Amino acid sequence: PSPAGIYTAAGTLNLDDLKSPQFDFKVEVKSGNPQEVFQFLDLDISLYATGTGTLLIRGVPDSFFVEGPLDISGGSLYGQRFEKGRVDLTVTEKEVLIKNAVLSKEKSILRGEGAIRYDYDDETYWLALKGERLRI
């Protein structure tokens, strides 16, 4: 279920080429579902949470990027449950880059960065993580 957040967008949409419209938006998300923003680009990023932050969305449907920090709470990021956190995302049509991620659950804190690159022949993942008080 999507949280009933507030989404404010400002920017430009160029429709000179209807098959490949150009967009340049700044989207403010307040206590909303980041999936609602990614849906515009027909993306499903495995971030299921309530988020607040500013995302920049630029490009055309076949070549774009989404970038920005999000304060997140009560959800999961690629299957890892957390209570609260912060993540700097860069999303393109080819990959998801996670920078400066800090996720906490109870007394455990996980910090790190990583990437998931989309290639239909082979998906590539990398992570660099540091944990504090992790329960294993």
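This passage walks through the fold, the core and several individual residues of a predicted model.

The overall layout comes first. The chain contains 1 helix and 8 strands, and these elements follow one another in the order β-β-α-β-β-β-β-β-β. Among its 136 residues, 35% count as buried. The accessible surface amounts to about 8600 Å², and carbon and sulfur atoms hold 51% of that area. Of the contacts in the chain with a separation of 6 or more, 34% join residues 24 or more positions apart.

The interior is a good place to look next. The largest nonpolar core has 26 residues, and the members that touch the most others are Leu47, Ile57, Val66, Ile72, Leu89 and Val91. At least two core residues come from each of β2 (22–32), α1 (34–39), β3 (47–60), β4 (63–77), β5 (80–92) and β6 (95–105). Strand β4 gives the largest share, with 5 residues. Val66 offers a handy view of how this core is put together. Beyond its neighbours within four places in sequence, Val66 is in contact with Phe38, Leu41, Leu55, Leu56, Ile57, Leu89, Thr90 and Val91. Three of these partners, Ile57, Leu89 and Val91, also appear with Val66 in the list of core members that touch the most others.

A polar residue in strand β5 deserves a closer look. Thr92 has its place in that strand and counts as buried because its relative accessible area is 16%, with the limit for burial set at under 20%. A polar atom of the Thr92 side chain lies 3.0 Å from the backbone nitrogen of Lys94. With neighbours within four places in sequence left aside, Thr92 is in contact with two phenylalanines, Phe64 and Phe65.

Strand β7 holds a buried residue as well. Ile116 lies in this strand, which covers residues 108–117, and its relative accessible area of 10% means that Ile116 is buried. Ile116 and Ile98 are 18 residues apart in sequence, while their C-alpha atoms are 8.6 Å apart in space.

The surface has its own nonpolar feature. Leu13, Leu15 and Leu18 make up a nonpolar patch there, and together they have about 330 Å² of accessible area. Within this group, Leu15 belongs to the loop between β1 (6–14) and β2. Leu15 is classed as partly exposed because its relative accessibility is 47%, a value between the 20% and 50% limits.

Backbone geometry singles out two further residues. Ser31 is not a glycine, yet its phi is positive, at about 50°. This serine is found in strand β2 and is partly exposed, with a relative accessible area of 43%. Asn100 is also a residue other than glycine with a positive phi, in this case near 50°. Asn100 lies in strand β6, and its relative accessible area of 56% is over the 50% limit, so Asn100 counts as exposed.

Terms used:
Residues are numbered from 1 along each chain as its sequence is written. This is a predicted model: local features need pLDDT of at least 70, side-chain atom pairs count only at pLDDT 80 or more; totals for chains, interfaces and linings use all residues. Side-chain values use heavy atoms; hydrogens and water are left out. A nonpolar core is a set of buried Ala, Val, Leu, Ile, Met, Phe, Trp, Tyr and Cys residues joined through side-chain atoms within 4.5 Å. Buried means under 20% relative accessible area, exposed over 50%, partly exposed in between (1.4 Å probe, protein chains only). Helices (H or I, at least four residues) and strands (E, at least two) are DSSP runs, numbered from the N terminus. Contact means heavy atoms within 4.5 Å. A polar contact is a pair of N or O atoms within 3.5 Å; within protein, one must be able to donate a hydrogen and the other to accept it, and residues adjacent in sequence count only if both atoms are side-chain atoms. Patches are made of residues with over 30% relative accessible area and no salt bridge: like charges are joined within 9 Å, nonpolar side chains (Val, Leu, Ile, Met, Phe, Trp, Tyr) within 5 Å. Accessible areas come from the Shrake-Rupley method with a 1.4 Å probe; for residues, only the protein chains shown count as cover. A salt bridge is a side-chain nitrogen of Lys or Arg within 4 Å of a carboxyl oxygen of Asp or Glu.
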